[in-house]
Structure formats: C-alpha cells, structure tokens
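Here is a set of short exercises to work through with the model open beside you. Try each task before you read the solution below it.

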Amino acid sequence: MVKARPVHDEDPERDARFMREALLLARRGLGLASPNPMVGAVVVSDGRVVGEGWHEGPGTPHAERMALDRAASLARGSTLYVTLEPCSHHGRTPPCAPAIVDAGVARVVASIQDPNPVVDGRGFDLLRRAGLQVEEGLMRRDASRLVAAFSKHVRTGLPLVTLKMAASLDGKVAARDGSSRWITGPAAREDAHRLRAESDAVLVGAGTALADDPALTVRLDGYRGRQPLRVLVDGQGAVLPRGALFDAAAATLVATTPSGAARAGGGWETAGAEVLTLDEREETGVLLGRVIEVLGKRDIQSVLIEGGPTLAWSAIRDELVDRLVLYLAPKLIGGTSAPGILGGTGIDSIAGAIALTIDGVSMVGDDVKVEANVHRDR
C-alpha cells in the first residue's frame, strides 16, 4: 500500500515564480546539453528555494538530481518544480523519478511530458503510484520551446531546422551592388549569436561564404557552450579552403557533389574540414534534404540556416524549414535588382503560398524580430 504524502495547497503565483526560475536555470545548459534536452529544476521548502539544478549534457547529473543533492535533507516534504517530466529509465545516468521518491519530495510541478517514447508519461506514473502529488502543464509553451529540437529529433530522427534572415523593411537582403553589412543593428546581431548557441550546426551556401567570409561561431560574453558545427553547402567546389570557415575555432563540414569535390582537389580536407560527397542534383547541385538527413543521423538536433536567398528558397521549397526568424531593419532599399529574402522561382499563385503561424514579434534594439512556425499541411 502506498503511503499518502501531505498535499500542498496550490498557489498559482508562487508556482509561476518558481517555474520561471526553473526555466532560466535550464538555459544554463545552452550549447552543452545537446543531444539531451535542456532541463531546469528547483526544490522549494516552506516557500524558499533549497536546491536548484540544470543539465549540462550526456553523462552529467540531470537537473533533478543536482537540485536534490543541493537540497539534501531539506527535500523531504518539498515541492519540486521541473521543466520536463522526470525520467524513469536507465541511460548514461540513473533514472530521476525513483530518486525524487527516495528524497521524500511531496509534490512535483512539471511543465511538459517528455516527448521521448522511452519515457512517455512513465515518470509521472511512477511518481503518482508512489503517492506524490503531480501537476503538469505550467508554462507549457515556454518549456516546449526549450526542448523543440530534442522533441523533433527523438520522434523523427531529423533536426529542427530554423531559417534566419535579415532584411530591410521592404524585404531586401542586400543593395544592388551586393552590399549587405550591416542591414541590422548590433542588438539584432547579438541576438542572432544566441540563435547559433541554440543550434548544433549552422549551415550556409557557397554564395554567402564567398560574399561574407562568415566565421559562423558563437561570440557572446560568458558563453560556455560548444561551438556549432559549421556546414558549407558547395556543390561546385567554388569556395577555396581558406578564410574564417576553415580556421580552428570550430569544426567544418563541406557538403558537395562528386564534381565539386574533384574541383576542390582535396584542399578542403587539407584545411581540416570533413567532406561529405553526395549524389548530384542537376538543377541545384547538392540535395539539401540529404544533408539534413545525414546531420540528423549524426545526432545533430538543430540546424540554423544562414544562407542567402537561393539557399533559403531551396530549404523552403523542399519543406525542410520548421521555424523562421526574420530581423527587419528600419530601412528601405528598393530596386527590382536588389535581392529579396527568398530567391528561386517562387510560388505560382497566392493560393499556393506557404502558410506561417506567427509565434512572436518583438523589438531587438531598433530592429523588429519576427518568429514564425512553418505549416507542413499542403
């Protein structure tokens, strides 16, 4: 027979305050936790925090374990706030749900159920069978965004793909002469570095590499995480093996075709890059969907595309993009020959336009940041 534990009175304001703390703690795993999800946990006893934790990656303690260890004996009779359902299975570390029971926690408030089919509510079931009061759903949207890449990858084997673009208010990514630095201001550029920090890989095409010589690294004060894998898509072997993409700051993968690899003549490998040679696609060179599939098989859970209009259109056309982040600067460029956000042939008619759901609009410095989810129901 399960021994009943004391039921805590609910206080929505208090619960929201401590869950916000747990969500902030989860982000301390930025650039570290993947391929595991970012998770934060707070142990509260008599209205005060007695333990807190977050996850920093495979083989390290889970957020709940860290918080319980810090709380020690004060965990007995406490409330545990956690952003993701506690696990009930053995992985690289022991399961958290039994540890929560053993610590004497009385109540668990969790944001979301673990999307991993191996867990799938079993952690909650174990806690309830042990007599704990379990509540889920608080700040679900915020917690879901934290684990969106993990959720897609664990269900499909594919990474979450985010397309990031910066443009003038009239949708131009460069002027007629090709100049594009800097359309947006410093605050938007810093925010874009946070997008990189959230990503396992950053992908560009040959055009962007030739025009901008991007480093594709995270440059944020105090950043402790890993640098994302830099992925260059160059089907023609046009990018020479030099410049920022081939420095020692991060690993680089070049996705190319047999003809592109032959033209490069081994230079990419000599520069320290890995070369992925894929079958040629006549009209576009590298088949972008195959690159995304290969990355997913390598446990890359999130890809940020920072390419120009041609690569961006290929990703949209082939239905690879899950999320769009667009920075709009308070500038007008105009000109029919100035490139817009998307290149390619485009959609034939408005009836076939690709639908988006606006997820957020905010000011970042002087620029407007628009976040949208891409529908896949056509």
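## Exercise 1: The overall build

Count the helices and strands of the protein chain, then judge its compactness from the radius of gyration.

**Solution.** The secondary structure of this predicted model comes to 12 helices and 16 strands. Next, take the radius of gyration: it is 23 Å, close to the 21 Å that the globule rule gives for 378 residues, so the chain is as compact as a globular protein of that length. Along the principal axes, the C-alpha atoms fill a box of roughly 70 × 45 × 40 Å.

Now turn to burial and contacts. Of the 378 residues, 52% count as buried. Among contacts with a separation of 6 or more, 69% are between residues 24 or more positions apart. Finally, the chain exposes about 17700 Å², of which carbon and sulfur atoms supply 51%.

## Exercise 2: The nonpolar cores

Find the residues of the largest nonpolar core that touch the most other members, and say which element gives the core its largest share.

**Solution.** Start from a general expectation: in soluble globular proteins, nonpolar side chains tend to be buried together. Here the largest nonpolar core has 49 residues, and those touching the most other members are Val43, Ile100, Val105, Val108, Leu127 and Leu132. Helix H1 (residues 12-26) provides the largest share of this core, with seven residues. Then look elsewhere: another core, of 35 residues, lies apart from the largest one and includes Val286, Ala315, Leu320 and Val374.

## Exercise 3: Two helices and what they pack against

List the buried residues of helices H2 and H4, and identify their packing partners.

**Solution.** Begin with helix H2 (residues 63-71), where the buried residues are Ala63, Glu64, Met66, Ala67, Leu68 and Ala71. These buried residues pack against strands E1, E2 (48-54) and E3, and against helix H3. Just after H2, alanine 72 has a positive phi of about 55°.

Move on to helix H4 (residues 122-129), in which Gly123, Phe124 and Leu127 are buried. Viewed down the axis of H4, the buried residues fall within an arc of 100°, so they line one face of the helix. A general rule helps here: an α-helix has 3.6 residues a turn, so residues three or four places apart point the same way. The partners of the buried H4 residues are helix H3 (96-102), strand E4 (107-112) and strand E5 (133-136). Just after H4, glycine 131 takes a positive phi of about 95°.

## Exercise 4: The aromatic pair

How many aromatic pairs does the structure hold? Describe the geometry and the setting.

**Solution.** The structure holds one aromatic pair. Its partners are phenylalanine 18 and tyrosine 81, with 5.4 Å centre to centre and 40° between the planes. Planes under 30 degrees apart would count as stacked and over 60 as edge-to-face, and the pair is accordingly classed as tilted.

Next, place both residues on the chain. Phenylalanine 18 belongs to helix H1 and tyrosine 81 to strand E3 (residues 79-84), so to speak a link between distant parts of the chain, 63 residues apart. Both phenylalanine 18 and tyrosine 81 are buried.

## Exercise 5: Unusual backbone angles

Locate a cis peptide bond, then compare the settings of methionine 139 and glutamate 319.

**Solution.** Keep the general trend in mind: most residues other than glycine have a negative phi, and most peptide bonds are trans. The peptide bond from serine 34 to proline 35 is cis, with omega near 15°. Proline 35 sits in the loop between H1 and strand E1 (40-45).

Methionine 139 has a positive phi, near 55°, and is found in the loop between E5 and helix H5 (140-146). Its relative accessible area is 19%; the cut-off for buried is under 20%, and methionine 139 is therefore buried.

Glutamate 319 also has a positive phi, of about 55°. Its place is the loop between helix H12 (309-317) and strand E14 (323-329). With a relative accessible area of 37%, glutamate 319 is partly exposed.

## Exercise 6: Around alanine 16

Which residues does alanine 16 contact, leaving aside its neighbours within four places in sequence?

**Solution.** First, find alanine 16 in helix H1. Alanine 16 is buried, with a relative accessible area of 14%. Beyond those sequence neighbours, alanine 16 is in contact with Leu138 and Met139. Along the chain, alanine 16 and leucine 138 are 122 residues apart, yet their C-alpha atoms are separated by 7.3 Å.

Note on methods:
Residues numbered from 1 in each chain as written. Predicted model: local features only at pLDDT ≥ 70, side-chain atom pairs only at ≥ 80, totals over all residues. Heavy atoms only, no water. Core = buried A, V, L, I, M, F, W, Y, C linked by side-chain atoms within 4.5 Å. Buried < 20%, exposed > 50% of the residue type's maximum accessible area, 1.4 Å probe, protein only. Helix = DSSP H or I, 4+ residues; strand = E, 2+ residues; numbered from the N terminus. Arc of directions from axis to C-beta. Contact = heavy atoms within 4.5 Å. Rg over C-alpha atoms; globule rule 2.2 N^0.38 Å. Areas by Shrake-Rupley, 256 points an atom, 1.4 Å probe, with all protein chains shown as cover. Phe/Tyr/Trp six-rings, centres within 6.5 Å; stacked < 30°, edge-to-face > 60°.
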